[in-house]
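Work through the exercises below with the sequence and the model at hand. Each task is followed by a solution in steps.

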Amino acid sequence: MQQHPTSNEICPEPRDLGRALCIITGASKGFGRTLAFQLSCLLKPRSVLMLVARTTEQLNRLKEDIITLYGRQNQLDVRCVQADLEKKEGVEKTVQAAKETSVSEMDHLLLINNAASLGDVSRFALTFTDPVEVNRYLALNVSGALSVTAGVLQALPRRLGLRRSVVNISSLCALKPFPSWVLYCTGKAARDMMFRVLAAEEPDVRVLSYAPGPLDTDMQLQARRSSGDLQLRRSFSSMFSEGQLLSCEESGAKLIKLLLDNDFQSGAHLDFYEL
Ligand SMILES: NC(=O)c1ccc[n+]([C@@H]2O[C@H](COP(=O)([O-])OP(=O)(O)OC[C@H]3O[C@@H](n4cnc5c(N)ncnc54)[C@H](OP(=O)(O)O)[C@@H]3O)[C@@H](O)[C@H]2O)c1
């Protein structure tokens, strides 16, 4: 059960991210949920915070919690979008929801591509003989992220006075092979390159791949329970039992600082431990 952070824990920062359309995919739990809290107090009045995931109940609860904490005083418009980003309809629904905001009145578009899955980490690369299974994994973790990003950037095209920022929640796995994690490592590596290309093509868009470090979330639970590679499973288990996992709040705070400072090189891969 996740605790609600106190307002001092979330909002120690006097700066803000402007009047923004802020879209967070995978906001229903884990890192995305924490980012939604942390970002909600940094958005200027009449900003729109769009929370995207498949689980409506958790999204609605998050919306209520944010409104209770900040929404009324901030005039923050929190919207839930129930969408499966593995599917074309889910991507289209998310982009359509972005189009339905008063985009011309926003001075910042902030898209956080956080939704992801670990995939089946109990098996090794040689067992993935079924291309349908592999494609299904890539549909959410690669294609979905690209299509949502492209659709949203088209919905809010370049214009004077509009800052556009796109974050890819990445991982050490984008750079380093982890045995029995072939899907996850492949997806994260592909996403990093995808966003590097975007940065090269769209110089006005601020693109960041942020590796948040090992977070105490459901994904991490799956990692220590199911990883096929014994050494990896032991290493995640001992990180957990020795209290070495990061809290989502701690890692989220570093990402927020990067966004507020806004002096990273567009397209860069930045890791929690290197900041
Ligand atoms: N946890 C770690 O140690 C760690 C380390 C490095 C990087 N990361 C990255 O950090 C990000 C967040 O991870 P997390 O640990 O918070 O994971 P998590 O607890 O498993 O949460 C994943 C989020 O993605 C959403 N999601 C999953 N499948 C979806 C789909 N088909 N369509 C739409 N949304 C979907 C989930 O919501 P629904 O189920 O409601 O759809 C949930 O909100 C991911 O990109 C992950 O790769 C995590």
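**Exercise 1.** Find how strand β6 is joined to β7, and place both in the sheet.

*Solution.* Step 1: β6 covers residues 205–211 and is joined to β7 by four bridges, the two strands running parallel. Strands (E, at least two residues) and helices (H or I, at least four) are DSSP runs, numbered from the N terminus, and two strands pair if DSSP finds at least two bridges between them. Step 2: in β7, H269 is the residue opposite S209. Step 3: the open sheet has seven strands, ordered β3-β2-β1-β4-β5-β6-β7, with parallel pairing. Step 4: β3 (77–82) and β7 (268–271) are at the edges with a single partner strand each, so one side of each has no neighbour in the sheet.

This is a predicted model in which local features need pLDDT of at least 70 and side-chain atom pairs pLDDT 80 or more, while totals for chains, interfaces and linings use all residues. Residues are numbered from 1 along each chain as its sequence is written, and side-chain values use heavy atoms, with hydrogens and water left out.

**Exercise 2.** Determine which residues of helix α7 are buried and how they are arranged around its axis.

*Solution.* Step 1: α7 spans residues 218–226, and its buried residues (under 20% relative accessible area, 1.4 Å probe, protein chains only; exposed is over 50%, partly exposed in between) are Q220, A223 and R224. Step 2: viewed down the axis of α7, these residues fall within an arc of 85°, so they line one face of the helix. The arc is that of the directions from the helix axis to the C-beta atoms. Step 3: part of what covers them is α8 (230–241).

**Exercise 3.** Describe the surroundings of S180.

*Solution.* Step 1: S180 sits in the loop between β5 and α6. Step 2: its relative accessible area is 6%, so S180 is buried. Step 3: leaving aside neighbours within four places in sequence, the residues in contact with S180 (heavy atoms within 4.5 Å) include D120, F124, G228 and L232. Step 4: the S180 side chain reaches the backbone nitrogen of G228 at 3.4 Å.

**Exercise 4.** Which residues are closest to the ligand, and which side chains lie at a stated distance from its oxygen atoms?

*Solution.* Step 1: the ligand is surrounded by 30 residues (a heavy atom within 4 Å), the closest being R54, T55, N114, Y184 and T217. Step 2: a polar side-chain atom of Y184 is 2.5 Å from a ligand oxygen atom. Step 3: for Q220, the corresponding distance is 2.8 Å.

Technical notes: A polar contact is a pair of N or O atoms within 3.5 Å; within protein, one must be able to donate a hydrogen and the other to accept it, and residues adjacent in sequence count only if both atoms are side-chain atoms.
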